[in-house]
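Please look over the sequence and the model below before reading on. The report starts with confidence and then turns to one helix and the core it helps to form.

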Amino acid sequence: MQAVVGADAAPDNSNNPQKSARILSATHQTGDVAADDAEAAAAAARVRAAHPDLVLVALGCPKQELWLHHHAAGLGPVVALGIGASLD
């Protein structure tokens, strides 16, 4: 399984054979989450390029829902979840 995580930092376990998931990328978005926002579009493009199986979006409510609404269809066949403050 591959995953792209929306967070400031993610553990690098890509070379650990004991892990079943690889964290491919982590990103932090501070700007707008609208479909026409350059930062949001760039983040969506990085996710799309990674071809993940799972996308976890932790921007908080309602930003994560808006980001998913605007960008999920263009990510390809993925499971995309808004996980909000569950990382806190």
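In this predicted model, the pLDDT is the predictor's confidence in each residue, on a scale from 0 to 100. The mean pLDDT of the protein is 75, and 62% of its residues reach 70 or more. The elements with the lowest and the highest mean pLDDT are set out here.

| Element | Residues | Mean pLDDT |
|---|---|---|
| Strand 1 (lowest) | 2–5 | 47 |
| Strand 4 (highest) | 79–82 | 91 |

Over residues 1–9 the pLDDT stays below 50, although this stretch has 40 contacts in the model beyond near neighbours in sequence.

Helix 1 covers residues 38–50, and because each of its 13 residues should add 1.5 Å, a span of 18 Å is expected, which agrees with the 18 Å between its end C-alpha atoms. Within helix 1, the residues Ala40, Ala43, Ala44, Val47 and Ala50 are buried; they cover an arc of only 125° around the axis, and therefore lie on the same side of helix 1. The face turned away from that buried side carries the exposed residues Ala38 and Ala49. At the start of helix 1, a side-chain oxygen of Asp37 comes to within 3.3 Å of the backbone nitrogen of Glu39, while just after the helix His51 takes a positive phi of about 50°.

Which residues make up the largest nonpolar core? This core has 10 residues, namely Val33, Ala40, Ala43, Ala44, Val47, Val55, Val57, Trp67, Leu68 and Leu75. Two or more residues each come from helix 1, strand 3 (54–57) and helix 2 (63–71), and helix 1 gives the most, with 4 residues.

Methods:
Residues are numbered from 1 along each chain as its sequence is written. This is a predicted model: local features need pLDDT of at least 70, side-chain atom pairs count only at pLDDT 80 or more; totals for chains, interfaces and linings use all residues. Side-chain values use heavy atoms; hydrogens and water are left out. Contact means heavy atoms within 4.5 Å. The expected span of a helix is 1.5 Å times one less than its number of residues. Buried means under 20% relative accessible area, exposed over 50%, partly exposed in between (1.4 Å probe, protein chains only). The arc is that of the directions from the helix axis to the C-beta atoms. A polar contact is a pair of N or O atoms within 3.5 Å; within protein, one must be able to donate a hydrogen and the other to accept it, and residues adjacent in sequence count only if both atoms are side-chain atoms. A nonpolar core is a set of buried Ala, Val, Leu, Ile, Met, Phe, Trp, Tyr and Cys residues joined through side-chain atoms within 4.5 Å.
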